[in-house]
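Please look at the sequence and the structure shown here, and keep both in view while reading the report that follows.

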Amino acid sequence: MKLSIGGSLKLAFRPWVEGLENIPAEGPAILASNHLSFSDSFFLPAVLERKVTFVAKAEYFTSPGVKGKLTAAFFKGVGQLPVDRSGARGAAEAAIKSAVDVLERGELFGIYPEGTRSPDGRLYRGKPGGLARIALATGVPVIPVAMIDTEKIQPPGKVVPKLMRPGIRIGKPLDFSRYHGMDGDRFIQRSLTDEVMYEIMKLSGQEYVDMYATAAKRQIAEAAKQKAEDEKQEKHQKQEKQDKKAA
């Protein structure tokens, strides 16, 4: 399944890749990437010889009907691992446990330190609870990855992707083994995460924003809501003026 999906993606979109030599031929490693598009989790595995596992919402694997079965087969084929996100804390612990299991098997694990897709193409502050805890608990190298232009292929809300060449830059592995076992230290978690995000920024060329993407999304949503309310009020005032003139 991975070969057929990966082959189809490479044939259709012809992604360019730099730094493939930084992916180890064997042994565990964490691939920490920026997150621009839903398709990021498909393009990165497509260009690698080795399997890389990401976590995905369990709903993608349990939806009913023919469409649900096809979706589940697709996600399994590209190396997605179902995680129940019904509770915030429980979901985080389940994702970390799943990641550790993958790495203990000597495999590659992929993660998006921002925690969600960028709302505007900029790079946001990494959340330390996932990436850092996994890296510190396992002692495996962290490989920074930059996805380039994937948000232009399938922007949020668009169903049909645009045929164009995305890019992937893979940086040199970062060794945090000196902190192995210190996964409970919040200062170490923050420092490790910031170092990884800095390397991703250099690879991607994105503008860095020192706030979480989730907070930025809330601000954008609130601004859009306020704009809609202002436009509605303005329209109402214009209508009142027209009614007065007509009277």
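## Strand 2 and its neighbours

In this predicted model, strand 2 is mostly covered, since five of its five residues are buried. From this strand A29, L31 and S33 point one way, while I30 and A32 point the other way, and all are buried. In general, the side chains of a regular strand alternate between the two faces of the sheet.

Strand 2 pairs with strand 5 (residues 108-111) in the parallel sense over four bridges, and within this pairing A32 stands opposite I111. Strand 2 also runs parallel to strand 7, to which four bridges join it, and here S33 stands opposite V145.

## Helix 8

Helix 8 has 19 residues and reaches 27 Å from its first C-alpha to its last, which is close to the 27 Å expected at 1.5 Å a residue. At its start, a side-chain oxygen of D185 reaches to within 2.9 Å of the backbone nitrogen of F187, and after the helix comes G205, whose phi is positive, near 75 degrees.

Among the buried residues of helix 8 are I188, Q189, L192 and V196. The buried residues of this helix pack against strand 2 (29-33), as well as against strand 6 (123-124), helix 6 (128-138), strand 7 (142-148) and strand 8 (167-170).

## Q189 within the helix

Q189 lies in helix 8 (residues 186-204), and Q189 counts as buried because its relative accessible area is 9%, where buried means under 20%. The side chain of Q189 reaches the backbone oxygen of D183 at 2.4 Å. Leaving aside its neighbours within four places in sequence, Q189 is in contact with P128, G129, A132, R133, L136, D183 and G184.

Definitions and conventions
Residues are numbered from 1 along each chain as its sequence is written. This is a predicted model: local features need pLDDT of at least 70, side-chain atom pairs count only at pLDDT 80 or more; totals for chains, interfaces and linings use all residues. Side-chain values use heavy atoms; hydrogens and water are left out. Helices (H or I, at least four residues) and strands (E, at least two) are DSSP runs, numbered from the N terminus. Buried means under 20% relative accessible area, exposed over 50%, partly exposed in between (1.4 Å probe, protein chains only). A polar contact is a pair of N or O atoms within 3.5 Å; within protein, one must be able to donate a hydrogen and the other to accept it, and residues adjacent in sequence count only if both atoms are side-chain atoms. Contact means heavy atoms within 4.5 Å. The expected span of a helix is 1.5 Å times one less than its number of residues. Two strands pair if DSSP finds at least two bridges between them.
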